[in-house]
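Colleague: I would like to learn how helices are read in a model. Could we go through one together, step by step?

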Amino acid sequence: MINTLARFWSKFIDDKCLNAGRKVAFSLDEKERDEGFKELEVAFQFLEDELKDKFFSGEDIGLVDITGVFIAFWVPIIQEVIGLKLLTIEKFPKLYKWSQDFNNHQIVKETLPNRETQLAYFKARYESLFASK
């Protein structure tokens with residue numbers, strides 16, 4: 001049974017991180033992108049403070065970790081494509097370590113799409129999005 005706290009943090013990731021991430025990755029308005037970046041920093045700090053173990057649910061992957069795949073897998077790709085530094089070991093050491101542990105977990109590695117393919121896709125999408133600006 002999933003507890004209330006796990007549902008809260010999963011909803012937090014969906015509501016705060018995903019929406020801010022969309023602004024950062026796909027907004028043509030520089031002010032909106034900056035706003036999204038600041039929102040992500042605040043949200044990441046809350047998650048950094050909440051993370052007490054290897055994963056959000058302890059030593060095993062749970063609901064919050066699965067919901068956080070956006071942070072662990074997609075944010076680093078977006079960072080590389082658009083050249084921002086957000087999820088770094090210097091800014092968010094626990095969250096960064098968690099993302100590495102999550103992405104390197106055997107079950108997760110078998111499930112996630114190929115990183116290089118996704119990176120190439122987002123580079124092309126980003127270039128076409130901002131070429132029309």
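**Reading helix packing**

Modeller: Let us begin with a pair of helices in this predicted model: the axes of α2 and α5 cross at roughly 80° and come within 8 Å.

Colleague: How should that angle be put into words, as parallel or perpendicular?

Modeller: Angles from 65 to 115 degrees count as roughly perpendicular, so α2 is roughly perpendicular to α5. At this crossing, Phe44, Leu47, Glu48 and Asp49 of α2 meet Pro93, Lys94 and Leu95 of α5. Sorted by class, the contact of α2 with α5 has four nonpolar and three charged residues, and no polar ones.

Colleague: What span should helix α5 have, and what do its end C-alpha atoms show?

Modeller: The expected span is 1.5 Å times one less than the number of residues. Helix α5 covers residues 93-104, which is 12 residues, so it should span 16 Å, and its end C-alpha atoms lie 17 Å apart, which agrees.

Colleague: Which residues of α5 are buried, and which helices do they pack against?

Modeller: A general idea helps first: an α-helix has 3.6 residues a turn, so residues three or four places apart point the same way. In α5 the buried residues are Leu95, Trp98, Ser99, Asp101, Phe102 and Asn103. These buried residues of α5 pack against α2 (30-50), α3 (63-67), α4 (69-82) and α6 (106-111).

Colleague: At what angle do α4 and α7 pack?

Modeller: Helix α7 (residues 115-131) and α4 pack at an angle of about 45°, and their axes are 9 Å apart. That makes α4 oblique to α7, and the crossing in which α4 passes α7 is right-handed. On the α4 side the contact is made by Phe73, Trp74, Pro76, Ile77, Glu80, Val81 and Ile82, while α7 brings Arg115, Gln118, Leu119, Phe122, Lys123 and Tyr126. By class, the residues of the contact of α4 with α7 divide into nine nonpolar, one polar and three charged.

Colleague: Could we finish with a single residue, and ask where Leu129 is placed and why it is called partly exposed?

Modeller: Leu129 is in helix α7. Partly exposed covers the range between under 20%, which is buried, and over 50%, which is exposed, so Leu129, with a relative accessible area of 23%, is partly exposed.

Colleague: Which residues does Leu129 contact, leaving aside its neighbours within four places in sequence?

Modeller: With those neighbours left aside, Leu129 is in contact with Ala25, Phe26 and Leu28. Phe26 shows how the chain brings residues together, since 103 residues along the chain separate Leu129 and Phe26, yet their C-alpha atoms are separated by 7.7 Å.

Notes. Residues are numbered from 1 along each chain as its sequence is written. This is a predicted model: local features need pLDDT of at least 70, side-chain atom pairs count only at pLDDT 80 or more; totals for chains, interfaces and linings use all residues. Side-chain values use heavy atoms; hydrogens and water are left out. Helices (H or I, at least four residues) and strands (E, at least two) are DSSP runs, numbered from the N terminus. Buried means under 20% relative accessible area, exposed over 50%, partly exposed in between (1.4 Å probe, protein chains only). Contact means heavy atoms within 4.5 Å. Axes are lines fitted to C-alpha atoms, for helices over the stretch in contact, and angles run from 0 to 180 degrees between N-to-C directions. Angles under 35 degrees count as roughly parallel, over 145 as roughly antiparallel, 65 to 115 as roughly perpendicular and the rest as oblique. A crossing is left-handed if the near helix is turned anticlockwise from the far one by less than a right angle, and right-handed if clockwise. Ala, Val, Leu, Ile, Met, Phe, Trp, Tyr, Cys and Pro count as nonpolar, Asp, Glu, Lys and Arg as charged, and the others, Gly among them, as polar.
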